[in-house]
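Here are some notes on the model, set out as numbered points. Please read them with the structure open.

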Amino acid sequence: MHCGIVLPRLDEEVAMSILRSATKLHASVRQCARLVTAAQQQRRGYADMAFTFASPVTVHYEAAKVKQIDVPSFSGSFGILPDHVPLLAVLKPGVITVHEDDATSKRFFVSSGSVTVNDDSSVQILAEEAIAMENIDAQAVREGLNKATAEVNAASNDQAKAEALIGLECYEALQKAIEG
Amino acid sequence: MLSRTSLQFVPASTQVRGMATLKEISMRLKAVTNIQKITKSMKMISAAKYSKAERELKPARSYGVGAKAFYEKLEVDCEKHQANHLVVAISSDKGLCGAVHTSIFRAIRAMVGDKPASNIKVVAVGDKMKALLQKDFKNNLLMTMKDIGKSPPTFSDAAVVANQIMSCGYEFDSAELFFNHFRSIVSYNTTTIPLYSVGTISEADNITQYDSIDEDVLRNYQEFSLASLIYFAMKESACSEQSARMTAMESASKNAGEMIEKLQMTYNRTRQAVITRELIEIISGAAAL
């Protein structure tokens with residue numbers, strides 16, 4: 001259980017360090033055309049990353065310019081910088097960190113959803129639920145976690161158990177996000 | 001003598017008829033007034049519902065635009081009428097809202113033609129849509145859903161619809177969502193959003209430029225975006241429906257008001273005529289003595 005959560009974090013760090021080194025080492029970057037444009041884009045000052053982040057009931061960002069977004073997905077956590085490779089991914093319960101500029105960053109908890117990075121460098125993150133971390137009640141999370149654990153134990157058939165496990169996974173991620 | 005008796009007879013009979021007309025008019029007047037009361041309160045209710053729907057539409061619209069972006073950028077070259085095609089018509093259970101339902105129906109008929117091919121299936125969301133589609137496209141109707149439109153649509157409503165579509169066993173290659181796109185309080189456009197199956201997406205021309213795509217990610221992505229787009233379409237159509245109902249009820253109240261005015265005028269005239277006639281009778285009766 002713990003491994004499942006620790007691993008993506010490692011991935012994230014690896015991905016981050018790759019990106020960081022990619023921007024520094026221009027010589028090695030030139031080998032890959034896409035990364036070259038990414039670096040050029042960055043020197044120009046983070047232009048053209050139209051970032052949209054919404055849940056069905058609220059819009060957090062709409063075609064906004066941000067520096068970097070860290071996203072938890074089922075294929076590992078990763079960071080998105082301007083001019084990222086076009087990509088499709090599915091969100092998993094976890095924390096999205098939006099670095100608006102060097103100084104400020106915001107953290108949101110998301111339950112599930114989708115991430116799209118298009119070739120025009122627009123990024124769309126659509127979450128089923130997205131809540132700013134400061135609005136989460138730790139007490140309610142603990143209660144929810146207990147309830148979800150009870151539901152998993154009480155589940156009679158496979159389908160109910162699978163549904164309860166999804167709930168539990170989400171609460172565990174939420175608990176983890178509050179602690180960390 | 002004979003002529004006078006006959007003269008006395010005629011007013012008597014017309015007087016009876018006049019009284020009946022007066023009663024009939026007053027009954028009619030009452031009925032129209034009641035109808036106006038109903039349409040007025042319906043207008044008030046849909047005005048309240050409309051303002052809520054419009055408020056909720058704002059985030060849903062950004063959400064929908066985000067969900068649409070990928071499908072718009074995807075260059076799919078599929079022969080619409082060769083492959084299996086699914087039409088999802090989003091409307092609601094309730095009527096009295098102008099041409100909201102029929103305009104979707106007309107758009108669908110314009111797209112599929114009068115005699116649709118058997119590889120086109122239709123899903124009707126909302127009772128009114130079902131009633132319309134059942135008449136002409138009975139053989140193509142895949143399933144129908146109701147209980148839409150009583151309360152504002154939520155994401156879980158959309159998820160239920162998406163789930164039904166995915167679990168019904170019909171393998172579509174491409175799909176289209178038909179719904180009313182809200183423009184302003186007095187106008188809406190019937191528009192469509194294209195949707196593709198996992199198979200179609202993975203055969204698209206420019207899918208290869210997307211990184212790290214595997215079957216699982218694509219399937220999850222497609223399922224989630226189906227629910228998101230249905231949610232967006234439901235929100236748009238709910239807002240258009242309430243605004244259309246508001247406009248329809250307003251003009252109904254106005255028409256009822258005009259009718260009441262005319263009836264009131266006729267009522268007053270008839271009453272005056274009856275009184276005058278009675279006076280003439282009394283006076284001429286007294287004069288005859």
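1. The side chains of Lys73(B) and Asp120(A) form a salt bridge, at 3.4 Å from N to O. The term covers a side-chain nitrogen of Lys or Arg within 4 Å of a carboxyl oxygen of Asp or Glu. The count between chain B and chain A is one salt bridge.

2. This is a predicted model, in which local features need pLDDT of at least 70 and side-chain atom pairs count only at pLDDT 80 or more, while totals for chains, interfaces and linings use all residues. Residues are numbered from 1 along each chain as its sequence is written, chains are lettered from A and ligands numbered from 1 in the order in which they are written, and side-chain values use heavy atoms, with hydrogens and water left out.

3. On the chain B side, helix H1 (2-73) and helix H6 (215-288) each give two or more residues to the surface touching chain A; helices here are DSSP runs of H or I, at least four residues, and strands are runs of E, at least two, numbered from the N terminus. The largest share, nine residues, comes from H1(B). By type, this side of chain B has 14 nonpolar, five polar and two charged residues. Nonpolar means Ala, Val, Leu, Ile, Met, Phe, Trp, Tyr, Cys and Pro; charged means Asp, Glu, Lys and Arg; the others, Gly among them, are polar.

4. How many residues does each chain bring to the contact? Chain B supplies 21 residues and chain A 29 residues, with contact meaning heavy atoms within 4.5 Å. About 2,100 Å² is buried between the two chains, 67% of it on carbon and sulfur atoms. Buried area is the accessible area (1.4 Å probe) lost by two parts on being put together, summed over both.

5. Chain A has an open sheet of five strands in the order S4-S3-S6-S7-S10, with antiparallel pairing. Strands pair if DSSP finds at least two bridges between them. The edge strands are S4 (78-80) and S10 of chain A, each pairing on one side only.

6. Within this sheet, S6 (residues 94-99) and S7 (residues 105-110) of chain A pair over six bridges and form a hairpin with five residues between them. His99(A) has Ser105(A) in S7(A) as its bridge partner. S7(A) also pairs with S10 (residues 130-132) of chain A, over three bridges, and there Phe108(A) is partnered with Ala132(A).

7. Towards the other edge, S3 (residues 68-71) of chain A pairs with S4(A) over three bridges. Asp70(A) has Gly79(A) as its bridge partner in S4(A).
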